[in-house]
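Hello,

Here is the structure for you to look over. My notes follow below it.

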Amino acid sequence: MKTNKFMGSRLLVLITVLMLGYSCAKSESKYDRTSEDIMLESTGETPVLASVEERATVDKEKLQTQKSTIDFKLKIIKNANCRIQVKNVEAAIILAKQIASRYDGYVSDERFTNTNYAKENRFTIRVPKGNFDIVLDSICKLAEFVAHKNISTIDVTEEYVDITARLKTKLEVKERYETILRTRAKTVEDILKAEDKLRKLQEEIESAQGRLNYLGNRVTFSTIQLDMYETVVPKELPPHYEPGFLDRAQKGLSFGWSMIENLTLILFYAWPFLILGIMIFIYFKWMRK
């Protein structure tokens with residue numbers, strides 16, 4: 001009888017220990033979450049994920065969904081590189097600038113080189129993409145000879161859409177953290193974590209916006225790199241230089257003036273000897289008298 005009671009008490013203790021262990025495991029699985037998951041769950045918008053892999057999968061699917069909902073036109077960057085020979089470089093430069101200005105373009109930089117054999121001007125024209133072809137063809141018509149003309153295109157549509165979708169996601173996450181900071185952050189630690197996350201998000205948002213602005217400018221305005229050159233017949237230099245009358249007269253005047261300056265300076269430096277000589281002259285003249 002005592003044995004049955006003892007076995008029953010041991011069985012009761014074992015059942016109690018198993019129930020306590022199950023409760024602790026359930027409690028740990030419930031609260032084993034990162035602070036970021038808790039913050040995002042508190043907004044009621046993002047579910048708590050079981051693992052990092054699941055979170056990455058959900059973020060990737062969300063990003064793909066946003067890309068599919070965004071409708072963008074093709075983003076094409078057009079560039080041209082052209083080298084032409086003209087009869088007169090100065091006149092061709094004026095005409096090329098007038099053509100660019102007529103079609104709402106502008107010259108971004110210019111480098112002019114003049115040697116004994118050639119005159120060359122290298123400059124860059126930025127022109128709206130709709131006027132790219134007509135400006136390039138109009139400038140090439142100024143040439144006597146086209147050395148080369150290369151046109152290249154870069155499709156940045158995928159990059160533009162990707163950055164735009166990521167920027168939209170970051171703005172949404174930033175809005176959530178701002179809401180958490182205003183309404184749910186109670187302790188100093190929570191406030192500092194939310195502010196640090198907002199700072200990092202703001203840096204990423206500004207970087208993405210800067211990249212979008214750069215791509216938009218490159219797409220809106222096409223670039224034409226233009227080299228104009230004029231061949232010059234070299235002139236023979238004289239065997240030795242012979243100055244003319246005016247050059248020699250100017251040199252003589254300069255030499256005479258330098259002589260006057262030097263004599264005046266000698267008088268200033270030798271004034272003690274002049275005074276001593278005058279005194280000796282006066283003394284001997286007085287002794288003769």
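Buried residues account for 22% of the 289 residues in the protein chain. Keep in mind that this is a predicted model. The protein chain exposes about 21700 Å², and carbon and sulfur atoms supply 61% of that area.

Overall layout. The protein chain has nine helices and five strands. Along the sequence they run α-α-α-β-α-β-β-α-β-α-α-β-α-α. Take the contacts between residues at least 6 apart in sequence: 79% of them join residues at least 24 apart.

The cores. In soluble globular proteins, nonpolar side chains tend to be buried together. Here the largest nonpolar core has 22 residues. Those touching the most other members are I84, L136, I139, I224, L226 and M228. At least two residues each come from β1 (76-85), α4 (89-102), β3 (118-128), α5 (132-140) and β5 (221-231). Helix α4 gives the largest share, six residues. Another core, of 10 residues, lies apart from this one. Its members include I163, L212, L215 and V219.

Which residues does I224 contact, beyond its neighbours within four places in sequence? They are A80, F123, T124, I125, V127, F132, V135 and L136.

Helix pairs. Two packed helices are described by the angle between their axes and the distance between the axes. Two pairs are worth a look.

- Helix α6 (residues 157-183) packs with helix α7 (residues 188-220) at about 155°, and their axes are 9 Å apart. An angle over 145 degrees counts as roughly antiparallel, and α6 and α7 are therefore roughly antiparallel to each other. Their crossing is left-handed.
- Helix α8 (residues 245-269) packs with helix α9 (residues 271-288) at about 65°, with axes 5 Å apart. That makes α8 roughly perpendicular to α9. L267, F268 and Y269 in α8 meet W271, P272 and L274 in α9.

Single residues. Three deserve a click.

T113 sits in strand β2 (residues 106-114). Its relative accessible area is 42%, so T113 is partly exposed. Outside its neighbours within four places in sequence, T113 is in contact with A118, K119 and E120. T113 and Y229 are 116 residues apart in sequence, yet their C-alpha atoms are 9.1 Å apart in space.

D104 is in the loop between α4 and β2. Its phi is near 65°, a positive value in a residue other than glycine. Is D104 buried or exposed? With a relative accessible area of 56%, D104 is exposed, because the cut-off for exposed is over 50%.

L142 is in the loop between α5 and β4 (145-155). Its relative accessibility is 26%, so L142 counts as partly exposed. Setting aside residues up to four places away in sequence, L142 touches V86, A92, L95, A96, I99 and M228. M228 is also among the residues that touch the most other members of the largest nonpolar core. L142 and V86 are 56 residues apart along the chain, and 6.8 Å separates their C-alpha atoms.

Where to start? I would open the core around I224 and its contacts, A80 and L136 among them. Then go to the α6 and α7 pair, with its left-handed crossing. Finish with L142 in its loop between α5 and β4.

Best wishes

Terms used
Residues numbered from 1 in each chain as written. Predicted model: local features only at pLDDT ≥ 70, side-chain atom pairs only at ≥ 80, totals over all residues. Heavy atoms only, no water. Core = buried A, V, L, I, M, F, W, Y, C linked by side-chain atoms within 4.5 Å. Buried < 20%, exposed > 50% of the residue type's maximum accessible area, 1.4 Å probe, protein only. Helix = DSSP H or I, 4+ residues; strand = E, 2+ residues; numbered from the N terminus. Contact = heavy atoms within 4.5 Å. Areas by Shrake-Rupley, 256 points an atom, 1.4 Å probe, with all protein chains shown as cover. Axes fitted to C-alpha atoms, helices over the stretch in contact; angles between N-to-C directions. Parallel < 35°, antiparallel > 145°, perpendicular 65-115°, else oblique. Left-handed = near helix turned anticlockwise from the far one by under 90°.
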